[in-house]
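This report walks through one protein chain, from its overall form to a few single residues. Please keep the sequence and the model in view while reading.

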Amino acid sequence: MADKSREWHEESRKVDGTELFVINGGSGKPLLVLHDELGFPGWLKWNSALAKDHTMLIPLHPGFGRTERAEWIMNIRDMAGFYARYLKENGLASIDVIGFSLGGWIAAEMAANNPTQFRKMVLVGPEGIRPPEGAGDILDFFQMMAPQHFAATMLNPAETPEIAQLYGGQGPEAFELWEDARAQTARIAWQPFLFNPSLPHLLGVAADLPTLLIWGREDRVVPLSAANAYRKAIPGSTLKVFDNCGHRPEVEKSAQFISEVQSFLS
C-alpha cells in the first residue's frame, strides 16, 4: 500500500461528537464507499480506477479502525442514520454510493429511509436481507477465526489478485483489527443475524433510485439467493452476477467490476 499512499489522504469529520475518520482520494464527483465487516481493506486497483473521475470518500465506520465506537449506535439502522447526518452536515447529498457486504446493508437502510440521499447506488454482496428459506443462510463467520473468515470471502484465495495488499497484509496487526471489527459487527448485527426482517418491506420507496446489485455466483458469505430477494425488494434494480467469483468481486474480478461500475455511474 505504500506506493499508493500519494493517491489518498485521511481526514476527520465530527458527527454528533464522534470523530469520523475518512479516506479521501481522487477527483471529480463525490463517491461514498462503505466498507465491509472486516474494516477498510485498503486502497486497491479498483479505487485507483474510479478515482480518476470521482472523489472517493471512504469513512471508517464507528467502532472500526481509527473511528471510535459511538455507544448510541446499537444496530445497522442507527449506523445508517449516523451516515445520513454525515452527508447532510457536509453538503454531500445526493451522492453516489458503493456498499460492500455490511456496508451494502448500511447503504440499503439509508435508501429505505431516504432514497433522495443518493443519486445512484451500487450494492456488492450486501447483507441485510435474509435469503429465502431453504436457499442457504448468511455465513455464520463468528463460528470461525478471523483468518478463516477472511479466506471464506474469496472463491480461490491463493489465486486472488491483490490478496497480499488486502487489509495491509495478513499479519498480527490485521488480525487484531479484524477481531475488533468483528466484535463491533456482533454488537450491532447479531440479532437477527446479519439481516433486518423489515428491510425488504421498506425498500420499495427506493424504486426510482438507480441501483446496481453485484454478486459473485459462488459467494459463500451471502448466497446468490439473497441477490434475487434484493432485486425483488428494489423494483427496477439491475443484478450482475460474476462467474467463478466469491464475496469480493472488486478484487476477484477487478476488470469486470470496474467496467460495470464505471458504466453504471457515468
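## A predicted model, residue by residue

Y167 is buried, with a relative accessible area of 12%. Buried here means under 20% relative accessible area. Y167 sits in the loop between α4 (146-152) and α5. Although Y167 is not a glycine, its phi is positive, at about 60 degrees. These values, like those below, come from a predicted model.

**The whole chain**

The protein chain has nine helices and eight strands. Its radius of gyration is 17 Å, close to the 18 Å that the globule rule gives for 266 residues, so the chain is as compact as a globular protein of that length. Along the principal axes, the C-alpha atoms fill a box of roughly 45 × 40 × 40 Å.

Of the 266 residues, 56% are buried. The accessible surface of the chain is about 11100 Å², and carbon and sulfur atoms account for 51% of that surface. Contacts often reach across the sequence: among those between residues at least 6 apart, 75% join residues at least 24 apart. The chain carries 24 positive and 32 negative charges, and the mean positions of the two groups are 5 Å apart.

**Salt bridges**

Side chains of opposite charge can pair when their charged atoms come close. The structure holds eleven salt bridges. Three of them are listed here.

| Salt bridge | N to O distance |
|---|---|
| R85 and D16 | 3.2 Å |
| E109 and R77 | 3.1 Å |
| R182 and E179 | 3.1 Å |

Which parts of the chain does the salt bridge between R85 and D16 link? R85 belongs to helix α2 (residues 76-89), while D16 is in the loop between β1 (8-15) and β2 (18-26); the two residues are 69 apart in sequence. R85 is partly exposed at 38% relative accessibility, and D16 is partly exposed at 40%. Together with E89, these two residues form a network of salt bridges. D16 also has a positive phi, of about 50 degrees, although it is not a glycine.

The bridge of E109 and R77 runs between two helices. E109 lies in helix α3 and R77 in helix α2, so this pair ties together parts that are 32 residues apart in sequence. Is each partner buried or exposed, or in between? E109 is buried, with a relative accessible area of 3%, whereas R77 is partly exposed, with 39%.

R182 and E179 are both in helix α5 (residues 172-189), three residues apart, and are separated by about one helical turn. An α-helix has 3.6 residues a turn, so residues three or four places apart point the same way. R182 counts as buried because its relative accessible area is 6%, under the 20% cut-off. E179 is partly exposed, at 32%.

**Buried residues and their contacts**

Helix α5 also contains T185. T185 is buried, with 0% relative accessibility. Beyond its neighbours within four places in sequence, T185 is in contact with E37, F64, L102, F142, W190 and L194.

W105 is placed in helix α3 (residues 102-113). At 3% relative accessibility, W105 is buried. What does W105 touch, leaving aside its neighbours within four places in sequence? Its contacts are I76, P126, E127, G128, A189, L194, F195, N196, L199 and Y230. By C-alpha atoms, W105 is separated by 22 Å from T55, which is 50 residues away along the chain.

Y230, one of the contacts of W105, is among the buried residues of helix α7 (residues 225-233). The others in that helix are S225, A226, A227, A229 and A233. The buried residues of α7 pack against α3, β6 (118-124), α6 (199-202), β7 (211-216) and β8 (238-242).

**Cis peptide bonds**

Where in the chain are cis peptide bonds found? The bond from A93 to S94 is cis, with omega near -5 degrees. S94 lies in the loop between α2 and β5 (95-100). A cis peptide bond also joins Q191 and P192, with omega about -15 degrees. P192 is in the loop between α5 and α6.

Notes. Residues numbered from 1 in each chain as written. Predicted model: local features only at pLDDT ≥ 70, side-chain atom pairs only at ≥ 80, totals over all residues. Heavy atoms only, no water. Helix = DSSP H or I, 4+ residues; strand = E, 2+ residues; numbered from the N terminus. Rg over C-alpha atoms; globule rule 2.2 N^0.38 Å. Buried < 20%, exposed > 50% of the residue type's maximum accessible area, 1.4 Å probe, protein only. Contact = heavy atoms within 4.5 Å. Areas by Shrake-Rupley, 256 points an atom, 1.4 Å probe, with all protein chains shown as cover. Lys, Arg positive; Asp, Glu negative; His and termini not counted. Charge placed at Lys NZ, Arg CZ, Asp CG, Glu CD. Salt bridge = Lys/Arg side-chain N within 4 Å of Asp/Glu carboxyl O.
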